Amino acid sequence: MAFSKDLRRLKIRKRIRGTVNGTAQRPRLSVYRSNKEIYAQIIDDVTGVTISAASSRDKDITVSGSKVEVANLVGKALAEKAIKAGVETVSFDRGGYLYHGRVKSLAEGAREAGLKF
């Protein structure tokens, strides 16, 4: 039986979440990508609290470039917010997406701004 694109991604996402957990010392950087926007948040799974979040819909992220360039800026903005909140290392949760394109660009932007994976 062939899975639809969404079901396939959800299966991969579930498999990733089985191994990637966020703690207070090393929270989880979760990525969600829609057709137009990209969202990322840093989550402490033990307490169920979102430490910081950023998305391409934020007011401070204004760029008329490609979606890959916007994802890089979102990664940088998220890393700056996380470092202000006292988070330096994270576990990367790609959310079932391939580590390619916008997801990769977001991760690289976060690394450039000082987050360690």
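**Entry 1: Arg 111 and the ring of Phe 117**

I looked up the surroundings of Phe 117 in this predicted model. The charged end of Arg 111 sits over the ring of Phe 117, at 4.3 Å from the ring centre. I also noted the exposure of Phe 117: its relative accessible area is 27%, and the residue is partly exposed.

**Entry 2: Aromatic pairs**

I next counted the aromatic pairs and obtained three. For Phe 92 and Tyr 99, I found ring centres 6.0 Å apart and planes at 90 degrees, so I entered this pair as edge-to-face. Planes over 60 degrees apart count as edge-to-face.

Are these two residues buried or exposed? Phe 92 has a relative accessible area of 18% and is buried. Tyr 99 has a relative accessibility of 37% and is partly exposed.

I then turned to Phe 92 and Phe 117, which form a stacked pair with 5.3 Å from centre to centre and 25 degrees between the planes. Which parts of the chain does this pair tie together? I located Phe 92 in strand β4 (residues 91-93) and Phe 117 in the segment after α3 (102-112), so the pair links parts that are 25 residues apart in sequence. I recorded Phe 92, Tyr 99 and Phe 117 as one aromatic cluster.

**Entry 3: The sheet**

How are the strands ordered? I read an open sheet of four strands in the order β3-β2-β1-β4, and its pairing is mixed. The edge strands are β3 (49-55) and β4, each of which pairs on one side only. From one strand to the next, the twist averages 20 degrees.

I examined β1 and β2 in more detail: these strands run antiparallel and are joined by six bridges. For Ser 30, I found the bridge partner in β2 to be Gln 41. I also checked what α3 does here: the helix packs on the sheet and touches β1, β2 and β4. The direction of α3 makes about 145 degrees with that of β1.

**Entry 4: Ser 34**

My last item was Ser 34, which I placed in the loop between β1 (28-33) and β2 (38-44). Is Ser 34 buried or exposed? With a relative accessible area of 19%, Ser 34 is buried; the cut-off for buried is under 20%. Leaving aside neighbours within four places in sequence, I found Ser 34 in contact with Tyr 39 and Arg 102.

Technical notes. Residues numbered from 1 in each chain as written. Predicted model: local features only at pLDDT ≥ 70, side-chain atom pairs only at ≥ 80, totals over all residues. Heavy atoms only, no water. Phe/Tyr/Trp six-rings, centres within 6.5 Å; stacked < 30°, edge-to-face > 60°. Buried < 20%, exposed > 50% of the residue type's maximum accessible area, 1.4 Å probe, protein only. Helix = DSSP H or I, 4+ residues; strand = E, 2+ residues; numbered from the N terminus. Lys NZ or Arg CZ within 6 Å of the ring centre and 35° of its normal. Contact = heavy atoms within 4.5 Å. Pairing = 2+ DSSP bridges. Axes fitted to C-alpha atoms, helices over the stretch in contact; angles between N-to-C directions.
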